[in-house]
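Colleague: I am new to this structure. Please take one part, the main sheet with what packs around it, and walk me through it closely.

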Amino acid sequence: MTERQVGERQVGERQVGEAAPEVRRARALLSRAVEPGSVALWRFVEQAGPVAAAAALRAGTASPAVQALAGARAGEDTGSADLDRAARCGARLVVPEDAEWPAQALHCLTVASSAEDADGRDRTLTLVPPLALWVRGQPPLADVVDRSVALVGARASTAYGEHVAAELAHGLGERGWTTVSGGAFGIDAAAHRGALAAGAPTVAVLACGVDRAYPASHSALFARVLDAGLLVSEWPPGCAPLRHRFLVRNRLIAALTRGTVVVEAAARSGAQATAHRARDLGKQVMAVPGPVTSAMSVGCHQLLRDTEQGARLVTSAADVLEAVGRLGEDLAPPAERPVRARDSLSDVARRVLDACPVRAGVPPERLAAVAGCTVLDVLRVLPALELAELVEWTGTGWRVTATAPRS
């Protein structure tokens, strides 16, 4: 029986579908021993199993490539300590052997990690499934991200971008969808706040331990996220937000969701990197257009301009759901346009209306000459124009009513 089967079948103090304690400790150890995003380690764990892989790494008997990835961390056994530290801050380690694991969402990473060039070289780089996820919050991870959309964008966002991000997240939340973002300044924070304003869950995927608030000024925001949402990270509690970890984290934001919306992005940005990850994973990529004079919209416009694999233009939550929702059910309604009395007029009626003066009234013969039609045509359309309150009789002739629109 495999370790996964043991985790699914053993019943006692654990629930059905919950990983065995030794499996959880092993994956906790591995999550600290090697930086996430390693194809070599993921394949080693898949082949040997997490318990055997962790034992081999500690004993120094793993493959040279895997041992090199761990380096000085290989001999450390911090699995139990990290699990205890997580429990103290209300967090837990979710592993693939758990029923809570979002297997369906992360399957795209499994497919991507198996893709190889004809020469056998990896072409997916960090597009590899996580070994485990540290989760802080009450809702089951798989349930929260089942219907979710990533909203990402620039840290140095504009008021326009923050407004749009909050509106999109709020609209998605009202429709029962979860907003996933990175918890950073700017667009990320606006997206989280928009979802919270709608009373909907939101997920912040961090590049540090879930016990750390980064940025520190978002500690209150993260506390609100935990009311109904989750903080998620591949790094154990206590880990610092190192720069390279943000790029690795981006693939997880793209993988967990149905699609990624870039609200604002500079020419080179982490938001664009997330969009490229989502595209590589076969997920829907969307972008919000912005002012052509704004440096924070250059990245969005580049995504939209890509003729081969360009992003889909979205301006509302309805547009987003039309792209990622149920086929034929989550269609966005057509854009509303004002209905005017002129819309239903015939060509002759419009010409007669245009011929009517604003001040002094003129006789039908004068209207016919200006409109380029017969007097009979003028007499035929004038009653309809009068009923629509577009023209009026002055006693000496016809003119446009004071309230009639001119266009």
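Modeller: What follows goes from the whole chain to the sheet, and then to the helices packed around it.

This is a predicted model, in which local features need pLDDT of at least 70, side-chain atom pairs count only at pLDDT 80 or more, and totals for chains, interfaces and linings use all residues. Residues are numbered from 1 along each chain as its sequence is written, and side-chain values use heavy atoms, with hydrogens and water left out.

First, the setting. The protein chain holds 18 helices and 11 strands. Both are DSSP runs numbered from the N terminus: helices are H or I with at least four residues, strands are E with at least two. Of the 407 residues, 51% count as buried. Buried means under 20% relative accessible area, exposed means over 50%, and partly exposed lies in between, with a 1.4 Å probe and protein chains only. Contacts (heavy atoms within 4.5 Å) often span the sequence. Of those between residues at least 6 apart, 72% join residues at least 24 apart.

Now the sheet. Nine strands form an open sheet with mixed pairing. Their order is β1-β2-β6-β5-β4-β3-β7-β8-β9. Two strands pair if DSSP finds at least two bridges between them. The edges are β1 (91–94) and β9 (312–313). Each has a single partner strand, so one side of each lacks a neighbour in the sheet. β1 runs antiparallel to β2 (residues 133–136), and four bridges join them. Val94 has Leu133 of β2 as its bridge partner.

Further in, β3 and β4 pair in the parallel sense over three bridges. Here Ala150 stands opposite Val180 in β4. In a regular strand the side chains alternate between the two faces of the sheet. β4 is covered on both faces. Thr178 and Val180 are buried on one side, Thr179 and Ser181 on the other.

What lies across these strands? Helix α10 (residues 187–197) crosses β3, β4 (178–181) and β5 (202–205). It runs at about 155° to β5. Axes are lines fitted to C-alpha atoms, for helices over the stretch in contact, and angles run from 0 to 180 degrees between N-to-C directions. Nine of the 11 residues of α10 are buried, including Ile187, His192 and Leu196. The buried residues pack against β3, β4 and β5, and also against α9 (159–174) and α11 (219–228). Gly199 follows α10, with a positive phi near 70°.

Next comes α13 (residues 270–280). Its buried residues are Ala271, Gln272, Thr274, Ala275 and Ala278. Seen down the helix axis, they fall within an arc of 155°, so they line one face. The arc is taken from the directions from the helix axis to the C-beta atoms. Their cover includes three strands of the sheet, β3 (148–152), β7 (259–262) and β8 (284–287), along with α12 (243–256) and α14 (298–305). Just after α13, Gly282 takes a positive phi of about 80°.

Val262 ties several of these pieces together. It touches Val152, Ala271, Ala275, Met286, Ala287, Val288, Cys300 and Leu303, leaving aside residues up to four places away in sequence.

Val262 is also among the residues with the most contacts inside the largest nonpolar core, as are Leu106, Leu133, Val203 and Leu281. That core has 35 residues, and α12 gives the largest share, five residues. A nonpolar core is a set of buried Ala, Val, Leu, Ile, Met, Phe, Trp, Tyr and Cys residues joined through side-chain atoms within 4.5 Å. In soluble globular proteins, nonpolar side chains tend to be buried together.
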